[in-house]
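Okay, thanks for squeezing me in, everyone. Let me put the structure up, and then I'll walk you through it residue by residue.

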Amino acid sequence: MGIISWIVFGLIAGILAKWIMPGKDGGGFIMTVILGVVGAVVGGFISTKIFGMGAVDGFNLGSFVVAVVGALVVLFVYRKIRS
């Protein structure tokens, strides 16, 4: 995927992660994109190394679920570190 695709994919995954796990998080647009992109990377790592599934490889449902779950993990860790 190109850089623009990663940004859009990360934005959508980050928004969904913040919607699923609401809380008081600052940062706005940029932090949401970073959350989603890092979440996609973390989710891809977890899905390939631990579960033996495929990685995030494009705009499809499997990659999207992996990215959102990864973003939820990153958001949880971020909140634990901040508090």
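**Starting from helix α1**

So, I12 sits in helix α1, which covers residues 3–20. Keep in mind as I talk that this is a predicted model. I12 comes out as partly exposed, because its relative accessibility is 37%. If you want a pair to click on, take I12 and V33: they're 21 residues apart along the chain, and their C-alpha atoms are separated by 7.9 Å.

Now go one along, to A13, also in helix α1. Is A13 buried or exposed? It's buried, because the relative accessibility is 0%, and the cut-off for buried is under 20%. What is A13 in contact with, once you leave aside its neighbours within four places in sequence? The list is G36, F64, A67, V68 and A71. F64, A67 and A71 fall inside the range of helix α3, residues 61–82, and G36 falls inside that of helix α2, residues 28–49. There's also a C-alpha pair for this residue: A13 and V38, 25 residues apart in the chain, with 10.0 Å between them.

**Over to helix α2**

Next stop is T32, which is in helix α2, residues 28–49. T32 is buried as well, since its relative accessibility is 7%. For those of you who like polar groups, the side chain of T32 makes a polar contact with the side chain of K18, at 3.2 Å. K18 also turns up in the contact list for T32, where neighbours within four places are left aside: G10, L11, G14, I15 and K18.

Further along helix α2 we get to I46. I46 has a relative accessible area of 24%, so it lands in the partly exposed class. Its C-alpha atom is 8.6 Å from that of V66, and those two are 20 residues apart along the chain.

**And helix α3**

Then there's I81, found in helix α3, residues 61–82. I81 counts as exposed, because its relative accessibility is 67% and the cut-off for exposed is over 50%. I81 also belongs to a nonpolar patch on the surface. Which residues form that patch? L61, V65, V69, V73, F76, V77 and I81, with about 660 Å² of accessible area together.

**Zooming out**

Okay, the whole chain. There are three helices and zero strands, and from the N terminus on the elements run α-α-α. The radius of gyration is 12 Å, close to the 12 Å that the globule rule gives for 83 residues, so the chain is as compact as a globular protein of that length. The box that the C-alpha atoms fill, taken along the principal axes, is roughly 35 × 30 × 15 Å.

How much of the chain is buried? 28% of the 83 residues count that way, A13 and T32 being among them. On the surface side, the chain exposes about 5,100 Å², and carbon and sulfur atoms supply 76% of that.

Last number, on contacts. Take the ones with a separation of 6 or more: 65% of those are between residues 24 or more positions apart. A13 with F64, A67, V68 and A71 would be a handy place to look on screen.

That's my tour, so over to you.

Conventions: Residues numbered from 1 in each chain as written. Predicted model: local features only at pLDDT ≥ 70, side-chain atom pairs only at ≥ 80, totals over all residues. Heavy atoms only, no water. Patch = residues over 30% accessible without salt bridge, like charges linked within 9 Å, V, L, I, M, F, W, Y side chains within 5 Å. Areas by Shrake-Rupley, 256 points an atom, 1.4 Å probe, with all protein chains shown as cover. Salt bridge = Lys/Arg side-chain N within 4 Å of Asp/Glu carboxyl O. Helix = DSSP H or I, 4+ residues; strand = E, 2+ residues; numbered from the N terminus. Buried < 20%, exposed > 50% of the residue type's maximum accessible area, 1.4 Å probe, protein only. Rg over C-alpha atoms; globule rule 2.2 N^0.38 Å. Contact = heavy atoms within 4.5 Å. Polar contact = N/O pair within 3.5 Å; in protein donor to acceptor, adjacent residues only side chain to side chain.
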